[in-house]
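Visitor: I would like to learn how to read a fold of this kind, going from local detail to the whole chain. Could we take it feature by feature?

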Amino acid sequence: MRSLWSDADAAAMIDRYAKDGVNEDVALRVYTSRLLGGDPQLVLHGGGNTSVKTTLVDFLGDEGEVLCVKGSGWDLGDIEPAGLPAVRLAPLRRLRDRASLSDEDMVNFQRANLLDMTSPNPSVETLLHAFLPHKFVDHTHSTAVLSLTDQPDGEAVCAEVFGARMGAVPYIMPGFDLAQKALEVFAQDESVEGLILHKHGVFTFGETAQESYDRMIEMVSLAEARLQQGRKAVFVGAKLPSQIAPATDVAPILRGACALEVDGDYKRMVLDFRTGDTIRTYVDGADVARYSQTGVVTPDHNIRTKNFPLLVPAPAADALDEFKVAVQQAVDRYVADYHVYFARNNVRVGGVKTALDPMPRVALVPGLGLFGIGKSAGEASVAADIAENTVGTITDAEAIGCFDCIPETDMFDIEYWSLEQAKLAKGAEKPMARQVVAVTGGGGGIGAAIAAAFVREGAEVAVLDVDPDAAAKVANRIGGLAVTCDVTSADSVQAAFAAIVARYGGVDVVASNAGAAWQGRIGDVSDATLRQSFELNFFGHQIVAQAAVKIMRAQDTGGGLVFNTSKQAVNPGQDFGPYGLPKAATLSLMRQYAVDHGADGIRANAVNADRIRTGLLDDDMIAARSKARGVSEADYMAGNLLNREVMAEDVADAFVYLAKAAKTTAAVVTVDGGNIAAALR
Ligand code: ZN
């Protein structure tokens with residue numbers, strides 16, 4: 001591993017933060033923290049922590065020695081001075097000689113000694129940083145170091161690699177006891193440049209930011225060099241089916257099996273697929289059931305990944321039904337094992353813990369790759385990142401020996417640690433959290449409003465549009481997935497749903513919204529015009545709905561189709577036959593899906609929208625319609641019983657309502673301000 005230290009960058013960082021009144025020590029602490037945090041081989045997703053001991057002036061103007069240490073909720077990769085809360089150093093050091101200190105008391109005492117009470121909680125490893133005398137202290141979960149420590153004889157391997165340069169600290173859960181032990185090890189030989197925390201990670205320290213950082217890079221490089229020696233070939237491949245089903249067929253099956261049924265509804269998961277040579281070698285290994293089921297490479301990963309991934313059989317392309325049964329059995333077994341694990345350990349700690357949900361957070365699929373699993377796309381992506389990192393760490397550990405990790409009791413204590421639980425504490429989930437919604441015509445005014453409304457409800461949203469730029473613009477604005485899709489082409493729709501499944505693992509709701517208006521007096525209109533309109537305004541809906549239903553049935557967790565029909569479907573406007581006829585067929589299509597797929601738990605409904613005022617898309621269409629009806633813009637509102645303009649957001653609300661109405665199917669909701677001629681009867 002190469003040192004990324006640059007004198008010029010360090011000086012620039014000092015200058016930049018001096019403008020904000022940040023001192024040189026803290027500016028340099030920010031600089032090297034970011035160097036560490038930018039490398040996933042050192043630090044991932046909030047892992048690791050750093051500190052500097054410096055002098056700051058408090059509110060009263062008194063100067064005092066403080067520890068600026070990483071605050072919880074910050075990531076080293078993009079840390080700012082605000083992410084390094086200042087804690088008075090002297091009181092922290094007075095804790096050194098206590099016999100014991102509970103985690104809650106420790107957190108409270110650290111907060112009570114903050115210079116600024118609005119700061120985040122100082123890291124749970126704050127006392128370890130405080131007790132050591134060095135000005136700069138760096139801590140990472142380097143994968144190379146973990147590959148050495150995570151061995152049955154990890155201490156001996158590390159002694160051989162690092163010699164007397166690094167102190168050896170046995171595994172102890174982070175907190176006061178670990179801080180005391182680390183200090184004790186350091187006191188035995190104060191010439192050490194850092195500490196190896198067995199089956200946890202590595203600390204280095206120094207009098208300057210560069211010294212501490214460079215020592216980290218050097219120790220990691222020593223570990224990397226050791227991993228190149230005496231490697232045995234890993235892993236021997238298992239015999240796999242000759243044709244493996246694609247990830248797009250596998251993901252919905254996996255996603256369905258990992259959905260928790262609660263009162264007839266589903267708590268679904270979002271998936272994130274990863275693959276590549278290293279992952280494939282790992283998941284395809286004949287011995288994968290051993291090395292993948294040993295445990296986590298460093299304790300705090302289990303908060304994001306649980307202790308063990310779900311392992312399923314290889315999916316043969318011609319035997320997906322058998323695969324589906326096997327996946328369900330594997331998930332059932334996983335959940336049952338998790339309950340037993342919880343009960344066994346909860347008894348040990350006095351029965352005070354509340355069980356977390358039992359679903360896996362990583363799935364390994366031989367022949368294919370791995371999936372991160374989470375309650376949101378973000379969580380799934382974090383789990384997948386950690387899983388990829390774990391694959392690398394265990395591969396190296398197995399190449400030089402045999403992967404080993406902390407025992408189950410230690411893993412439980414971390415997973416159910418009140419301080420770690422607090423990190424994950426979040427407010428109540430939004431109504432459509434964990435659901436994947438596809439919006440066709442999502443780049444237009446109404447589609448964009450629908451997509452935004454579903455994001456507000458907590459859903460993961462794919463914005464489909466025939467215009468890639470329009471899809472990207474909306475997706476970027478709302479934080480969704482942009483997918484180019486021509487709904488009149490079966491191939492394009494297949495590719496679009498494959499992209500959605502690759503990103504999220506499946507689909508739960510389709511807002512089938514894409515459409516366009518054609519006009520012409522029915523006695524004169526060309527066959528071509530009529531067929532063109534049917535392609536988009538009828539077959540487009542059918543192609544999309546059919547592709548979605550196939551995925552929904554693989555998931556076996558129901559689903560919702562909501563079609564954008566039009567008042568034309570029930571109240572034909574003059575010369576609007578080319579538009580109204582396919583829309584009438586789409587209204588019937590909705591009813592047919594409700595009839596044929598109600599037994600699958602798939603609901604089909606329609607929004608009958610009309611006279612929508614939107615500056616985004618429909619002004620031209622409104623003008624065209626007004627013209628076709630022989631009305632002027634001025635009396636456009638005539639016949640609107642409420643005399644209130646209908647906005648794209650009003651239509652979007654109807655889509656969201658129907659997507660959530662768990663006991664409603666074959667319904668039409670009208671959003672037009674009241675048009676009695678278009679009232680359904
Ligand atoms: Zn750590």
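Visitor: In the hairpin of β1 and β2, which residue takes a positive phi?

Guide: This is a predicted model, and in it Gly61 has a positive phi near 90°, within a hairpin that places 5 residues between strands β1 and β2. The two strands themselves pair in the antiparallel sense over 7 bridges, and Ser51 stands opposite Val69 in β2.

Visitor: How many bridges join β2 to β3?

Guide: Strands β2 and β3 run antiparallel and are joined by 3 bridges, with Val66 standing opposite Arg88 in β3.

Visitor: What is the order of the strands in the sheet to which these pairs belong?

Guide: To read a sheet, one follows the pairing from strand to strand and then looks for the edges. Here the order is β3-β2-β1-β4-β7-β6-β5, an open sheet of 7 strands with mixed pairing. Strands β3 (86-88) and β5 (166-169) are the edge strands, since each pairs on one side only, and from one strand to the next the twist averages 25°.

Visitor: In what sense, parallel or antiparallel, do β5 and β6 pair?

Guide: Strands β5 and β6 pair in the parallel sense, over 4 bridges, and Ala168 stands opposite Ile196 in β6. Helix α8 (residues 176-188) packs on the sheet here, touching β5, β6 and β7, and its direction makes about 140° with that of β5.

Visitor: Which strands does helix α2 lie across?

Guide: Helix α2, residues 24-37, lies across β1 (49-57), β2 (63-69) and β4, and runs at about 170° to β1. An angle of this kind compares N-to-C directions on a scale from 0 to 180 degrees, so the value of about 170° places α2 and β1 in nearly opposite directions.

Visitor: Which residues are the protein donors of the zinc ion?

Guide: A metal site is read first from its donor atoms and then from where those residues sit in the chain. The protein donors are the NE2 atoms of His139, His141 and His200, which lie 2.1 to 2.2 Å from the zinc ion, and along the chain they follow the spacing H-x1-H-x58-H. His141 belongs to the loop between β4 (136-140) and α6 (143-149), while His200 belongs to the loop between β6 (194-197) and β7 (201-206), so this pair ties together parts that are 59 residues apart in sequence.

Visitor: Is His139 buried or exposed?

Guide: His139 counts as buried because its relative accessibility is 0%, where the cut-off for buried is under 20%; His141 and His200 are both buried as well. His139 is found in strand β4, and its side chain makes a polar contact of 3.3 Å with the side chain of His141. Beyond its neighbours within four places in sequence, His139 is in contact with several residues, among them Asn49, Glu125, His200 and Met216.

Visitor: Stepping back, what does the domain assignment of the protein give?

Guide: The assignment gives domain 1 (7-227), domain 2 (247-423) and domain 3 (436-672), and the centres of domain 1 and domain 3, taken over C-alpha atoms, are separated by 54 Å. The C-alpha trace of the protein spans about 100 × 65 × 50 Å along its principal axes, and the protein contains 24 helices and 22 strands.

Visitor: What percentage of the residues in the protein is buried?

Guide: Of the 681 residues in the protein, 54% are buried. As for contacts between residues at least 6 apart in sequence, 73% of them join residues at least 24 apart.

How values were computed. Residues numbered from 1 in each chain as written. Predicted model: local features only at pLDDT ≥ 70, side-chain atom pairs only at ≥ 80, totals over all residues. Heavy atoms only, no water. Donors = N, O, S within 2.8 Å, 3.2 Å for Na, K, Ca; no water. Buried < 20%, exposed > 50% of the residue type's maximum accessible area, 1.4 Å probe, protein only. Pairing = 2+ DSSP bridges. Contact = heavy atoms within 4.5 Å. Polar contact = N/O pair within 3.5 Å; in protein donor to acceptor, adjacent residues only side chain to side chain. Domains from an automatic or database assignment.
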